[in-house]
Amino acid sequence: MSRRDAWLGLDDASTPERMLFAATAVFAVALSVAGIRYPDAVGRTLAATFSFVLERFGWWFILLSFVLSVGVTAFCLSRHGHRRIGGPDSDPEFGLAGWLAMVFTVGYSISVLFWGVAEPVLVASTPPSPSPVAGAPTESLALAFMFLHDILPGLIAWYLPFAVAFGLIVRREGSWRVSDVLAPLLDRSRYAAVYWLVDFVSLLAIVGGLATSLGFIGRQLSAIVGVIYGVESRAITLGLFAVVAVVFVVDVWVGLRRGIRNAALVAVGANLLLTVVLLVVGPTLFMLELGLDAMGVWLGNLPRLMLYTDPVSAGNFPQQWTSFWWAWWAAWGVFVGSFVARVSRGRTVREVFVGLCVVPVSVLLFQHSVLGGLALAPGHRGAVEAALESGGNAAALAAAIETVPYTNVVAALAAVALVGYIVTSLDSAVYMLSAINLGEREPNARNRAAWGLLMVGVGVMTTFVGGGTRVLESFSTTFALPFTLLYLVALGALFVHVRESPSAVDRRRRSDATTAPDD
């Protein structure tokens, strides 16, 4: 064992595990260095890749989202919904509030604050033509697309498959790899290379999703600090990343139960408080009425909006919007699903369905109605559009905050929520990067710290790369494409697993049917 392995937490790791860490670390470092040293070239390359993937494979993300939504919902609502994560005798590891907070923050990160103001205004300014919902007001349709992209079907399609597959298949003590979902289909001893490749691609997908999210958070912080407080933004953002790195390393040693859980509670509290304050000081009546109208457009046309591809007109609205969102969800979903399974030990499949896909709906509808209503309200929309034109998506939230009273206080709340999201997203993502790398449910602190510092470097890199929002979007889009097939594999493996491993209730039913007297 070398001193380097000890510092990286790889002292007890096998050769394939060391290779997995080295390959992913080299990729993350190379990406960080290239982005900082050659920001314009990296930006152009990623933007071109983004356009190619969505133009050629946008339909695939839309189709896969529909298939996964139907398949995993059918599973959760079937007789298998009573199965318990971790086995029939497992007890819940976390209290209800802490569990829901971790599930919420790990699942949504920056999407609500970064896109909640920008997307409704952008869609309302350049709506799809012809409209997929005839007669719907432009503002209501724009907010309905926000509901579609950041609530349902994404919650079900991209988070549940791995959450349930991990929870039911990956239960062996000391094993916690993405590749373990292949166990019902392939023997690890015969297909070790396939298992290793799946883990490697999974780690790259997580790095891509995390790069997108950290980039959004960093630029959002820069915009708020620069616009509201008039301070040079990049220096402040880099300073915040440095503080986050220190907090993160300390948090790693605190552990999952106190570290990630407490950070998640703070982030959720700050986020909800910010939303309530905006509702009170903003155009309250307009927010409530627009939210209800948009909800009707969304729920009344959900299948149409889910499968909207606009094949006839020359536009590419669904590819640039819906397909991007599904690619981001796909890159983020493996980490979210595996983390949710990790913290959901002792809860049933139906409880996970409710905690991950039902409870957040009400919270997200409230938040997006407030943020979207604030941005689209008469007298506010012009300021947000001007900010989008001059400063991009990150400036939209800052412009919206400037339209309400007590601007400095509201901006401070937004900054606290964003920093909380950085720490929580980094914490939970790094926890699963390390768990997948080492195959352990409780990875050691040194390995998690090593992964964390690598990801902080990726986050810093995103503040340098040129090209605006599209470049940040390209990280998740590019890295998610080769990973999408694994979603179908995981869903198929899940059905094979439950067929070959009947639950206690299934065995009792079969026994009762066998011993029942003839009529």
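**Salt bridges, core and loops in a predicted helical chain**

Let me open with aspartate 180, which is buried at a relative accessible area of 2%, where buried means under 20% relative accessible area, exposed means over 50%, and partly exposed is what falls in between, using a 1.4 Å probe and protein chains only. What I am showing is a predicted model, in which local features need pLDDT of at least 70 and side-chain atom pairs count only at pLDDT 80 or more, while totals for chains, interfaces and linings use all residues. Residues are numbered from 1 along each chain as its sequence is written, and side-chain values use heavy atoms, with hydrogens and water left out.

Aspartate 180 forms a salt bridge with arginine 188, with 2.7 Å between the closest N and O atoms; by salt bridge I mean a side-chain nitrogen of Lys or Arg within 4 Å of a carboxyl oxygen of Asp or Glu. The partner, arginine 188, is partly exposed, with a relative accessible area of 30%.

Now to the chain as a whole. It contains 21 helices and 0 strands, taken as DSSP runs (H or I of at least four residues for helices, E of at least two for strands) and numbered from the N terminus. Of its 519 residues, 59% count as buried. If we take the contacts between residues at least 6 apart in sequence, 85% of them join residues at least 24 apart, a contact being heavy atoms within 4.5 Å.

How many salt bridges does a search of the whole structure find? The search finds 8. One of them pairs arginine 177 with glutamate 17, whose closest N and O atoms are 2.2 Å apart. Arginine 177 sits in the loop between helix H7 (154-169) and helix H8 (192-229), and glutamate 17 sits in helix H2 (residues 15-37), so this pair ties together parts of the chain that are 160 residues apart in sequence. Both arginine 177 and glutamate 17 are buried.

Glutamate 442 and arginine 342 form another salt bridge, with the closest N and O atoms 2.4 Å apart. This pair, too, links distant parts of the chain, since glutamate 442 lies in the loop between helix H17 (407-438) and helix H18 (445-462) and arginine 342 lies in helix H13 (residues 317-343), 100 residues apart. Glutamate 442 is partly exposed at a relative accessible area of 40%, whereas arginine 342, at 0%, counts as buried. These two residues also belong to a network of salt bridges that links Glu93, Arg342 and Glu442.

Turning to the interior, the largest nonpolar core has 173 residues, and Trp115, Trp158, Leu160, Trp298 and Met455 are those that touch the most other members. Here a nonpolar core is a set of buried Ala, Val, Leu, Ile, Met, Phe, Trp, Tyr and Cys residues joined through side-chain atoms within 4.5 Å. If we leave aside residues up to four places away in sequence, the neighbours that tryptophan 158 touches include Phe61, Leu64, Leu68, Trp326, Trp329 and Tyr487.

Some space is left unfilled, and the structure holds 2 cavities of 30 Å³ or more. A cavity is a set of points, on a 1 Å grid over the protein atoms alone, where a 1.4 Å probe fits but cannot get out, and lining residues have an atom within 4 Å of a point; grid points are joined across faces, edges and corners, and the volume is the space filled by probe spheres set on the points. The second largest cavity encloses about 50 Å³. Of the 10 residues that line it, Ile85, Gly86, Trp176, Ala341 and Arg345 are the closest to its centre.

Finally, the backbone, where some loops deserve a look. Serine 129 and proline 130 are joined by a cis peptide bond with omega of about 0°, and proline 130 is in the loop between helix H5 (111-125) and helix H6 (138-150). The bond from leucine 152 to proline 153 is also cis, with omega near 15°, and proline 153 is in the loop between H6 and H7.

Which residues have a positive phi without being glycine? Aspartate 310 is one, at about 50°, and tyrosine 406 is another, at about 55°. Aspartate 310 is found in the loop between H12 and H13 and is buried, with a relative accessible area of 10%. Tyrosine 406 is found in the loop between helix H16 (394-402) and H17, and at 63% relative accessibility counts as exposed.

Technical notes. On a 1 Å grid over the protein atoms alone, a cavity is a set of points where a 1.4 Å probe fits but cannot get out, and a pocket is an open set with protein on both sides within 12 Å along at least five of seven lines; lining residues have an atom within 4 Å of a point.
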